[in-house]
Amino acid sequence: MSYTEQPLDGRERAIPDADLDRLAYETEFLAQLGGRVREMRAVHGMSRRELSRRCGLSERYVAMIEAGKGNVSIVRLLRIALVFRCT
């Protein structure tokens with residue numbers, strides 16, 4: 001692990017190489033993001049199948065995001081956001 005990050009507390013930590021080594025705040029962020037996607041889908045009365053069809057992602061991938069397991073790219077997140085914005 002040659003890369004490091006500088007957190008606000010001033011201590012230096014290595015950036016993990018694998019998903020299993022993901023830092024706790026990254027895991028929490030993905031869980032919150034997934035919860036928000038699930039919440040927005042419910043607010044819009046949309047099934048997971050409908051959301052996946054509208055944003056061009058597989059239903060399984062959307063399920064992984066909602067479960068906080070999928071490391072979603074910015075472009076894919078934009079696709080999801082645009083679906084909610086247009087409904």
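This passage walks through the fold, the core and a few selected residues of a predicted model.

The protein holds 4 helices and 2 strands. Read from the N terminus, these elements follow the order β-β-α-α-α-α, with the strands ahead of the helices. Of the 87 residues in the protein, 29% are buried. The accessible surface amounts to about 6300 Å², and carbon and sulfur atoms contribute 54% of that surface. As for contacts with a separation of 6 or more, 40% join residues that are 24 or more positions apart.

A good place to begin a tour of the interior is the largest nonpolar core, which contains 13 residues. Within this core, the residues with the most contacts are L51, C55, L57, I65 and I80. Two or more core residues come from each of the helices α1, α2, α3 (59-66) and α4 (74-86). In soluble globular proteins, nonpolar side chains tend to be buried together. I65 gives a view of the surroundings of one core residue: beyond its neighbours within four places in sequence, I65 is in contact with L30, G34, V37, G70, V72 and I80. I80 is thus a contact of I65 and is also listed among the core residues with the most contacts.

Buried positions are not limited to the nonpolar core, and two polar examples are worth a look. R41 belongs to helix α1, which spans residues 24-43. Its relative accessible area is 12%, so R41 counts as buried, the cut-off being under 20%. Apart from residues up to four places away in sequence, R41 touches M46, S47, R48, L51, E66 and F84. One of these partners, L51, is among the core residues with the most contacts.

S52 is found in helix α2, made up of residues 48-55. S52 is buried because its relative accessibility is 7%. A polar atom of the S52 side chain lies 2.8 Å from the backbone oxygen of R49. Once neighbours within four places in sequence are set aside, the contacts of S52 are L57, S58, E59 and V62. Among them, L57 is a further member of the group with the most contacts inside the core.

Which ring does the charged end of R76 sit over? The ring is that of Y61, and the charged end of R76 is 5.1 Å from the centre of this ring. Pairs between aromatic rings were also counted, and the count came to 0.

Key
Residues are numbered from 1 along each chain as its sequence is written. This is a predicted model: local features need pLDDT of at least 70, side-chain atom pairs count only at pLDDT 80 or more; totals for chains, interfaces and linings use all residues. Side-chain values use heavy atoms; hydrogens and water are left out. Buried means under 20% relative accessible area, exposed over 50%, partly exposed in between (1.4 Å probe, protein chains only). A polar contact is a pair of N or O atoms within 3.5 Å; within protein, one must be able to donate a hydrogen and the other to accept it, and residues adjacent in sequence count only if both atoms are side-chain atoms. Contact means heavy atoms within 4.5 Å. Rings of Phe, Tyr and Trp (its six-membered ring) pair if their centres lie within 6.5 Å; planes under 30 degrees apart count as stacked, over 60 as edge-to-face and the rest as tilted. A charge sits over a ring if NZ of Lys or CZ of Arg is within 6 Å of the ring centre and within 35 degrees of the ring normal. Accessible areas come from the Shrake-Rupley method with a 1.4 Å probe; for residues, only the protein chains shown count as cover. A nonpolar core is a set of buried Ala, Val, Leu, Ile, Met, Phe, Trp, Tyr and Cys residues joined through side-chain atoms within 4.5 Å.
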